[in-house]
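Q: Could you pick a single part of this model and take me through it closely? I'd like one connected account rather than a list.

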Amino acid sequence: MEEITDINPDDYKKDYIAKAGAPIKDGIKQSTREAIIDALKTVSDPEIMINIWDMGLVYKIEQKENADVYIEMTVTSPMCPVAGVLPQQAAEAVASLEGVGEVEVRIVWEPAWSLANLSDEAKEMFEMF
């Protein structure tokens with residue numbers, strides 16, 4: 001087996017956008033920000049088993065007037081093996097809410113994620129390891 005020694009982390013920093021959902025029907029009340037955050041808390045990094053909200057991976061949630069939702073998030077590392085999975089799971093979790101239209105989740109690389117992003121609950125979980 002050939003060993004790969006020339007991996008460039010910047011090669012992994014490509015734009016990644018996940019989408020889910022559909023326009024909402026007239027008369028449906030828009031979901032709350034709290035409900036969106038609760039939906040994001042159902043998505044966990046499978047290696048760490050802490051949800052993406054408490055990990056501090058979600059940087060921005062923007063609710064549009066038409067109930068579409070735009071989210072910017074990051075992953076712990078450009079070479080994270082679940083970089084292509086977590087954003088889609090986040091998009092689908094939020095899109096499953098009543099009162100949410102189309103959802104777009106974009107991976108961003110700035111600012112870089114660090115342990116300082118962890119919620120107090122996540123910090124306590126890390127201390128157990």
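A: Two strands count as paired when DSSP finds at least two bridges between them. Keep in mind that this is a predicted model. Let's take strand 1, residues 17-20, and work outwards from there.

Strand 1 is joined to strand 4 (residues 103-107) by four bridges, so the two meet the requirement of at least two bridges for a pair. They run antiparallel. You can follow the register residue by residue: Ile 17 sits opposite Arg 106 of strand 4, and Ala 18 has Val 105 of strand 4 across from it.

Now look at which way the side chains of strand 1 go. They alternate: Ala 18 and Ala 20 point to one face and are buried, whereas Ile 17 and Lys 19 point to the other face and are not buried. So Ala 18, the partner of Val 105, is on the buried side, and Ile 17, the partner of Arg 106, is not.

Zooming out a little, strand 1 belongs to an open sheet of four strands, ordered 1-4-3-2, with mixed pairing. Strand 1 and strand 2 (58-63) are its edges, each pairing on one side only. On average, neighbouring strands in this sheet are turned by 15° against each other, ignoring direction.

What lies across those strands? Helix 2 (residues 86-95) lies across strand 1, strand 3 and strand 4, and it runs at about 25° to strand 1. Helix 1 (residues 33-40) lies across strand 2 and strand 3 (69-73), at about 140° to strand 2.

The two helices also pack against each other, at an angle of about 135° with their axes 8 Å apart. That angle makes helix 1 oblique to helix 2, and the crossing is right-handed. At the meeting point, Ile 36, Ala 39 and Leu 40 of helix 1 come up against Ala 90, Ala 93 and Val 94 of helix 2.

Strand 1 and these neighbours come together again in the largest nonpolar core, which has 34 residues. Strand 1, helix 1, strand 2, strand 3, helix 2 and strand 4 each give two or more residues to this core, and helix 2 gives the most, with six. Leu 40, Ile 52, Ile 71, Met 73, Val 94 and Val 103 have the most contacts inside the core. Two of those names, Leu 40 and Val 94, also turned up where the helices meet. Ile 52 is worth clicking on too: leaving out residues up to four places away in sequence, Ile 52 touches Leu 40, Val 43, Ser 44, Leu 57, Val 58, Met 73, Leu 86 and Ala 90.

Last, a few backbone oddities in the loops. Most residues other than glycine have a negative phi, and most peptide bonds are trans. Met 49, in the loop between helix 1 and strand 2, has phi near 60° and is exposed, at 54% relative accessible area. Ala 67, in the loop between strand 2 and strand 3, also has a positive phi, of about 80°, but Ala 67 counts as buried because its relative accessibility is 1%, and the cut-off is under 20%. Beyond strand 4, in the loop leading to helix 3 (120-128), you find Pro 111; the peptide bond from Glu 110 to Pro 111 is cis, with omega near -5°.

Technical notes: Residues are numbered from 1 along each chain as its sequence is written. This is a predicted model: local features need pLDDT of at least 70, side-chain atom pairs count only at pLDDT 80 or more; totals for chains, interfaces and linings use all residues. Side-chain values use heavy atoms; hydrogens and water are left out. Buried means under 20% relative accessible area, exposed over 50%, partly exposed in between (1.4 Å probe, protein chains only). Axes are lines fitted to C-alpha atoms, for helices over the stretch in contact, and angles run from 0 to 180 degrees between N-to-C directions. Contact means heavy atoms within 4.5 Å. A nonpolar core is a set of buried Ala, Val, Leu, Ile, Met, Phe, Trp, Tyr and Cys residues joined through side-chain atoms within 4.5 Å. Angles under 35 degrees count as roughly parallel, over 145 as roughly antiparallel, 65 to 115 as roughly perpendicular and the rest as oblique. A crossing is left-handed if the near helix is turned anticlockwise from the far one by less than a right angle, and right-handed if clockwise.
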